[in-house]
Amino acid sequence: MTGAPWNPRRIVVPTVLVALGAGGLAWWSVVDLWHAAAATALTCAVSILWAATETTVADPEWPRTAVDARPGGRHDVSDLGWSVFGRDGLVTDRVVRRIRALAVDRLRAHGVDAEDPATRPEVERLLGATVVRQLASGLPPRARTVQSWLDAIERLGPAPDPTRRTAPTDAPTDTEEHRA
């Protein structure tokens with residue numbers, strides 16, 4: 001057998017202890033001499049097996065796979081999902097900060113600077129006065145409050161595309177041009 005040498009303590013100590021105990025039980029006639037010898041032999045065999053298995057094998061690990069982590073990808077969503085609620089059942093500050101940043105970005109895309117006090121009436125018109133007051137309060141919200149914030153931000157819709165021109169209403173459509 002290869003590996004580290006056997007540890008004699010693992011064989012001798014248990015065998016001697018059981019032999020002394022079995023010898024004492026045989027002396028007081030609790031067990032007969034043959035049973036005491038059998039217990040000692042069995043302990044010796046188990047001790048030898050125990051000493052032979054002393055070397056341990058390193059635990060194999062799962063192979064690591066490369067994961068392409070994109071911003072806003074699966075890891076960000078999972079991380080955000082685990083960090084939504086605190087121990088008190090309220091939404092954490094981290095999530096509130098991210099929702100505020102989302103609102104500021106979405107308002108900026110609509111041409112409104114949310115951090116300018118002069119544009120507060122426009123911000124309240126777009127998001128609603130209650131949502132703006134709650135976002136500015138600094139108090140940790142409940143899940144329903146956050147849902148109303150996200151609904152208000154979603155109602156803003158995508159940013160208007162400045163490159164897209166609206167067609168005049170009196171211009172003929174393709175089908176009208178082909179009919180003529």
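**Close-up 1. Ser29 sits in the loop between α1 and α2.** In this predicted model, Ser29 has a positive phi of about 60 degrees, although this residue is not a glycine. Is Ser29 buried or exposed? With a relative accessible area of 64%, Ser29 is exposed, because anything over 50% counts that way.

**Close-up 2. Helices α1 and α2 cross at roughly 170 degrees.** On either side of the loop that holds Ser29, we now look at the two helices themselves. Helix α1 covers residues 9–27, and helix α2 covers residues 33–52. Their axes come within 8 Å. The crossing angle makes α1 roughly antiparallel to α2, because the cut-off for that label is over 145 degrees. As for handedness, α1 passes α2 in a right-handed crossing.

**Close-up 3. Residues of α1 and α2 meet along their contact.** From α1 come Arg10, Ile11, Pro14, Thr15, Val18, Ala19, Ala22 and Ala26. From α2, the partners are Leu33, Ala36, Ala39, Thr40, Thr43, Cys44, Ser47, Ile48, Trp50 and Ala51. How many residues of each class take part in the contact of α1 with α2? There are 13 nonpolar, 4 polar and 1 charged.

**Close-up 4. Ser47 of helix α2 is a buried serine.** Its relative accessibility is 3%, so Ser47 falls under the 20% limit for buried residues. Which residues does Ser47 touch, leaving aside those up to four places away in sequence? They are Arg10, Ile11, Pro14 and Thr15, and each of these four also belongs to the α1 side of the contact with α2.

**Close-up 5. Helices α4 and α7 pack at an angle of about 15 degrees.** Here α4 spans residues 93–109 and α7 spans residues 143–155, with the axes 10 Å apart. The angle makes α4 roughly parallel to α7, because angles under 35 degrees earn that description. The crossing of α4 and α7 is left-handed. On the α4 side we find Val96, Ile99, Leu102, Ala103 and Arg106, and they meet Val146, Trp149, Leu150, Ile153 and Glu154 in α7. By class, this contact of α4 with α7 holds 8 nonpolar, no polar and 2 charged residues.

**Close-up 6. The largest nonpolar core has 18 residues.** Those with the most contacts inside this core are Ile99, Leu107, Val123, Leu127, Val131, Leu135 and Trp149. Which elements give two or more residues to the core? They are α4, α5 (120–127), α6 (129–137) and α7. The largest share, 5 residues, comes from α4. Two of the names above, Ile99 and Trp149, also take part in the contact of α4 with α7.

**Close-up 7. Leu127 is among the residues with the most contacts inside the core.** Leaving aside residues up to four places away in sequence, Leu127 touches Ala103, Leu107, Val132, Leu135, Ala152, Ile153, Arg155 and Leu156. Among these partners, Leu107 and Leu135 also appear in the list of residues with the most contacts inside the core.

**Close-up 8. Ser148 lies in helix α7.** At 29% relative accessibility, Ser148 counts as partly exposed. Ser148 touches Val131 and Gln134, not counting residues up to four places away in sequence. Where is Ser148 relative to Leu127, C-alpha to C-alpha? The two are 9.9 Å apart in space and 21 residues apart in sequence.

Methods: Residues numbered from 1 in each chain as written. Predicted model: local features only at pLDDT ≥ 70, side-chain atom pairs only at ≥ 80, totals over all residues. Heavy atoms only, no water. Axes fitted to C-alpha atoms, helices over the stretch in contact; angles between N-to-C directions. Parallel < 35°, antiparallel > 145°, perpendicular 65-115°, else oblique. Left-handed = near helix turned anticlockwise from the far one by under 90°. Contact = heavy atoms within 4.5 Å. Nonpolar A, V, L, I, M, F, W, Y, C, P; charged D, E, K, R; others polar. Core = buried A, V, L, I, M, F, W, Y, C linked by side-chain atoms within 4.5 Å. Buried < 20%, exposed > 50% of the residue type's maximum accessible area, 1.4 Å probe, protein only.
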